[in-house]
Amino acid sequence: MKIQSGFTLLEMVVTTAIIGIVMAFAVPALDTFIKNDRLTTQINTLVGHLAYARSEAVLRHQPIILCASDSMTTCSASGNWANGWILFVDADNSSSFNAGEDILRVRQALSGSNTLTSSTGGMIIYDQRGFSPNTNGVFSLCDDRGATEMKSLTISKTGRVRQGGGTTC
C-alpha cells in the first residue's frame, strides 16, 4: 500500500486566504515605512554634508560652499536642491565654482519624487570660522504626503544646523 503525501485542496485554500489577509495589512505599512526611511536618509545626508562643509571650512581656513546643482559640476541658477548639490572649496572667494577648485562631495538628485526647498536660496557658504553669516533659513524636505510628514532643517548664521522649523512644503 502506497502512502500519499501532499496538501489537500482545503489546506491550500486556507493557506492562500491567510497569506492574502496578511499581505492586505503588510503592503500599505511597507509603503509608509519606505517613504519614512527615504525622507530620513535624505535629510541625514544633507545634515552630514552641512556638518562636513562647516568642519572643512575651519580645517582649511577657506570658504566652503554647498550649492544646488543640476549638472554636478557647477552651481545651478535655479536653486533646485532636489536635483542634487555639490560641496566645494571656494579657493578664490568668488562665491561660485571655478576650474581648479576642489569638489569635496556630490549628491545626485533625490529619489522618490521628493522635493527639497530652501529659504536660503541655492547656496550655503561657510567661512573660515565655520559660520554662515549670509544664511539664516530653513530646508524643507517633502514627499507626496505633504507637510504632515515633512522633514526640515534650520540653519543659523553661526552655521549651526538643527532639525525642525519648517512648516510648508
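Q: In which loop is the place of G79?
A: In this predicted model, G79 touches A68 and G122, leaving aside residues up to four places away in sequence. The place of G79 along the chain is in the loop between β1 and β2.

Q: Is G79 buried or exposed?
A: The relative accessible area of G79 is 19%. Burial requires a value under 20%. G79 is therefore classed as buried.

Q: How many Å apart in space are G79 and A68, C-alpha to C-alpha?
A: G79 and A68 are 11 residues apart in sequence. A68 is one of the residues that G79 touches. From C-alpha to C-alpha, the separation of G79 and A68 in space is 5.3 Å.

Q: Is M72 buried or exposed?
A: M72 lies in the loop between β1 and β2. M72 is not a glycine, although its phi is positive, at about 65°. With a relative accessible area of 12%, M72 is buried.

Q: Is S113 buried or exposed?
A: S113 also has a positive phi, of about 55°, without being a glycine. S113 is found in the loop between β3 (103-107) and β4 (115-118). The relative accessible area of S113 is 64%, and the exposed class begins over 50%. S113 is therefore exposed.

Q: How many of the five residues of strand β1 are buried?
A: Strand β1 comprises residues 64-68 and is largely enclosed by the rest of the structure. In a regular strand, side chains alternate between the two faces of the sheet. On one side of β1, I64, L66 and A68 are buried, and on the other side I65 and C67 are buried. The number of buried residues in β1 is five of five.

Q: Which residue in β2 does I65 stand opposite?
A: β1 pairs with strand β2 (residues 85-89) in the antiparallel sense, over five bridges. I65 belongs to the buried residues of β1. Opposite I65 in β2 stands F88.

Q: Which residue in β5 is the bridge partner of I64?
A: β1 also pairs with strand β5 (residues 123-126), again in the antiparallel sense, here over four bridges. I64 is among the buried residues of β1. The bridge partner of I64 in β5 is Y126.

Q: Which residue in β7 is the bridge partner of S140?
A: Strand β7 (residues 151-155) is mostly covered, with four of its five residues buried. Strand β6 (residues 137-142) runs antiparallel to β7, and five bridges join the two. The bridge partner of S140 in β7 is S152.

Q: Which residue in β8 does T154 stand opposite?
A: β7 is joined by three bridges to strand β8 (residues 161-163), and the two run antiparallel. Opposite T154 in β8 stands R162.

Q: Which residue takes a positive phi in the hairpin of β7 and β8?
A: The two strands of this hairpin run antiparallel. The hairpin has five residues between the strands. The residue with a positive phi, near 90°, is G159.

Q: How many Å apart in space are A24 and Q62, C-alpha to C-alpha?
A: The place of A24 is in helix α1 (residues 9-60). A24 is exposed, with a relative accessible area of 51%. A24 and Q62 are 38 residues apart in sequence. Their C-alpha to C-alpha separation in space is 55 Å.

Q: What is the radius of gyration of the chain?
A: The chain has one helix and eight strands, in the order α-β-β-β-β-β-β-β-β along the sequence. For 169 residues the globule rule gives 15 Å, and the chain lies well over this value, so it is more spread out than a compact globule. Along its principal axes, the C-alpha trace spans about 90 × 35 × 25 Å. The radius of gyration is 24 Å.

Q: What percentage of the accessible surface of the chain belongs to carbon and sulfur atoms?
A: Buried residues make up 31% of the 169 residues. The accessible surface of the chain comes to about 9700 Å². The part belonging to carbon and sulfur atoms is 59%.

Q: How many Å apart are the mean positions of the positive and negative charges of the chain?
A: The chain carries 13 positive and 13 negative charges. The separation of their mean positions is 6 Å.

Technical notes:
Residues are numbered from 1 along each chain as its sequence is written. This is a predicted model: local features need pLDDT of at least 70, side-chain atom pairs count only at pLDDT 80 or more; totals for chains, interfaces and linings use all residues. Side-chain values use heavy atoms; hydrogens and water are left out. The radius of gyration is taken over C-alpha atoms; the globule rule is 2.2 Å times the number of residues to the power 0.38. Buried means under 20% relative accessible area, exposed over 50%, partly exposed in between (1.4 Å probe, protein chains only). Accessible areas come from the Shrake-Rupley method with a 1.4 Å probe; for residues, only the protein chains shown count as cover. Lys and Arg count as positive and Asp and Glu as negative; His and the chain ends are not counted. The place of a charge is taken as NZ of Lys, CZ of Arg, CG of Asp or CD of Glu. Two strands pair if DSSP finds at least two bridges between them. Contact means heavy atoms within 4.5 Å.
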